Amino acid sequence: MSTSATQPIITPSGGETQKTVVRIGTRKSALALIQAEWVAASLKKLHPDVEFEVCGMLSTADKDKITALYKFGGKGLWTNELEAALVAGELDIIVHCAKDMPTSVPEGCVLACFTEREDPRDVVVMKKSIEGKYRALADLPAGAVVGTSSVRRMAQIRRRYPDLQFEDMRGNIDTRLRKLDAEDGTYSALILAAAGLHRSDRHARIAQYLDRDTPGGGMLYAVGQGGLTIEARADDDKMLALLAPFEHEKTMLAIETERSVMRTLEGGCSVPIGVESEWLEDGNTLRLSGCVVSVDGKEAADAESQEEITTREQAIEFGKKVAQMLVDNGAQPILDAINVDREASREKAEPWVPA
């Protein structure tokens, strides 16, 4: 059940036994609500005597659907309003897409739980009218327009397919698919996260997976992509204990490694840092690949390493190591150029005013 984020915890009157009600904060997008309801149902199975209520809120990026994501700057545009409500005690926990999370959280808050990761890969979705004709990016003719608002996706695709064109694509999954499929639209394809299409039961729209093992793929995904994380107040021992059995340890270790790379390089939505993490056959060795690509796709730095990872501390140190490898291989000049361009774009941008 979804409610307003300001609804207080329900406290029965009289002699009734008090029932614990946990208020789960989330963005109001359809996919975010699906994810939060899944978390609520999963926690209910673990804690049948606890009630869970989903409370939707609009984020800065939900309110402004015009500005390209990379022009906002950092990642807090998806999380700030929710975290303010958490700190104020209006929410008990927040469900986030791990890829939307800044590399640090507000003082007094903690990422208390990572759930088992969905497919983290990026995918290609073709315009319905040409689905039978084209099944992969390599099939598209020169000049075909690909929709995405991710500078990481643009940069990596330009690196491999320099003849394709790009236009900004914002909105929830339904909105993006509608724009893609419009008969008078300019888009031939768009790039999305597989996880969102899987969770919203749209597997059939996927034309191509863009991982290293797929011909014509080779695209590294966003830090944390495919993962959900649950934020809580650091001093809320009751919530931390409630979430503990829900954590998926391997997902936590892999994403903490990826986040450490991004934190070390100080990247965000506006910086094209790609990663791919994979647990090897022994179950404890994590292989991590990373890349930083210039926006035009002409310059790139790549790195790959593997280590045995069994603790959060080891994961963080491993991420720092791979980040340094990227710097040693030429990532810093690429990042510096992108940050200069981003700051220039921000200075020229008009302040957003609610419609």
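The following conversation looks at two helices and one loop residue in a predicted model.

Student: Why is Asp201 called exposed?

Tutor: Asp201 has a relative accessible area of 64%, and because exposed means over 50%, the value for Asp201 meets that definition.

Student: Where does Asp201 lie, and what is its phi?

Tutor: Asp201 sits in the loop between helix H6 (194–199) and strand S10 (206–209), and its phi is positive, about 60°, although Asp201 is not a glycine. Most residues other than glycine have a negative phi.

Student: How do you know that the span of helix H1 is close to the expected one?

Tutor: Helix H1 (residues 30–46) has 17 residues, and the expected span is 1.5 Å times one less than that number, which gives 24 Å, while H1 reaches 25 Å from its first C-alpha to its last.

Student: Which residues of H1 are buried, and what makes them line one face?

Tutor: In H1 the buried residues are Ala32, Gln35, Ala36, Val39, Ala40, Ser42 and Leu43. Seen down the axis of H1, these buried residues fall within an arc of 165°, so they line one face of the helix. Among the elements that cover them are S2, S3, H6 and helix H7 (237–243).

Student: How do you know that the buried residues of helix H3 line one face?

Tutor: The buried residues of H3 (residues 80–87) are Leu82, Glu83, Ala85 and Leu86. Seen down the axis of H3, they fall within an arc of 160°, so they line one face of that helix. Their cover includes strand S4 (93–97) and strand S5 (109–114), and just after H3, Gly89 takes a positive phi of about 85°.

Methods. Residues numbered from 1 in each chain as written. Predicted model: local features only at pLDDT ≥ 70, side-chain atom pairs only at ≥ 80, totals over all residues. Heavy atoms only, no water. Helix = DSSP H or I, 4+ residues; strand = E, 2+ residues; numbered from the N terminus. Buried < 20%, exposed > 50% of the residue type's maximum accessible area, 1.4 Å probe, protein only. Arc of directions from axis to C-beta. Contact = heavy atoms within 4.5 Å.
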